[in-house]
Amino acid sequence: AEKRDGVNAGVGGASAVTAEGDVFIQADAENDVWAVTTADAVATGTGGAAIGGGVNVIVTGSAVQATLGDGATIAADGIFELTAHNDTKLTLISADVGLGTGAAVAAGGTVAVLVDENSTVAEAGTESIVTARDVLIQAESDDALLNILASASGAGASTATAAGTIGVAITTSQTRAEALEGSALTAQNGHVQIHAQNDTQFIAGMLAATAGNATAAAGASVN
């Protein structure tokens with residue numbers, strides 16, 4: 001599965017904006033993505049066998065852009081802000097169960113892959129001119145990833161069971177704030193700030209449980 005979205009705010013090339021107050025160009029995005037993968041295998045009776053499996057690959061990404069076009073002119077008596085903010089929460093849950101009774105064999109497994117490709121850009125174009133009391137060009141992104149893996153297997157007499165999970169979470173965030181070649185930024189009574197920041201939090205939880213009676217039972221989780 002693939003989920004992509006984009007948020008754009010901008011002033012086009014060669015545009016002219018004049019304001020007695022403030023000028024804000026802001027692009028903001030918030031995303032909350034859940035990916036749940038489960039697999040179950042249950043075998044009963046003599047000589048029975050059950051196999052269950054699941055594969056889930058999710059690619060998600062948000063492109064957030066705040067732009068001042070090439071050759072654009074901003075004249076403001078107040079402050080000028082060109083800001084992009086991208087807030088993403090990703091939750092990956094992978095679980096499987098293998099159960100067997102009698103002389104049965106049960107095997108279950110899940111593979112889950114989550115790829116996060118975010119882009120957050122605040123950019124003043126080439127030859128753009130900004131004159132204001134304060135000038136701020138800022139790009140900020142926050143990525144929070146929660147990866148939960150669980151596997152459980154249980155067996156009765158003369159039974160073999162196996163359960164396993166593999167979870168992969170990949171994030172490739174790009175966060176950029178920039179004034180391109182030839183641009184001119186003037187703060188008449190304050191500061192010029194160009195700021196880019198990315199905060200990433202990654203939390204992984206893994207649980208594997210097995211139970212059996214004179215049997216072979218195996219459970220594993222890999223992150």
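Me: Glu 127 is found in the loop between β8 (119-124) and β9 (129-132); why is Glu 127 called exposed?

Reply: Happy to explain! The model is predicted, so local features need pLDDT of at least 70 and side-chain atom pairs count only at pLDDT 80 or more, while totals for chains, interfaces and linings use all residues. Residues are numbered from 1 along each chain as its sequence is written, and side-chain values use heavy atoms, without hydrogens and water. Buried means under 20% relative accessible area, exposed over 50%, and partly exposed in between (1.4 Å probe, protein chains only). Glu 127 has 53%, so it counts as exposed.

Me: What makes the phi of Glu 127 worth a look?

Reply: Its phi is near 60°, a positive value in a residue other than glycine. Most residues other than glycine have a negative phi.

Me: Why is Ala 14 called exposed?

Reply: Ala 14 has a relative accessibility of 64%, so it falls in the exposed class. Ala 14 lies in the loop between β1 (2-11) and β2 (16-19), and its phi, near 65°, is positive too.

Me: And how do you know which class Val 57 belongs to?

Reply: Val 57 has a relative accessible area of 41%, so it is partly exposed. Val 57 sits in β4, a strand (a DSSP run of E, at least two residues).

Me: Which residues form the nonpolar patch on the surface?

Reply: Val 55, Val 57, Val 111, Ile 166, Val 168 and Ile 170. β4 (46-68) and β11 (160-171) each give two or more residues, and β11 gives the most, with three.

How values were computed: Patch = residues over 30% accessible without salt bridge, like charges linked within 9 Å, V, L, I, M, F, W, Y side chains within 5 Å. Areas by Shrake-Rupley, 256 points an atom, 1.4 Å probe, with all protein chains shown as cover. Salt bridge = Lys/Arg side-chain N within 4 Å of Asp/Glu carboxyl O. Helix = DSSP H or I, 4+ residues; strand = E, 2+ residues; numbered from the N terminus.
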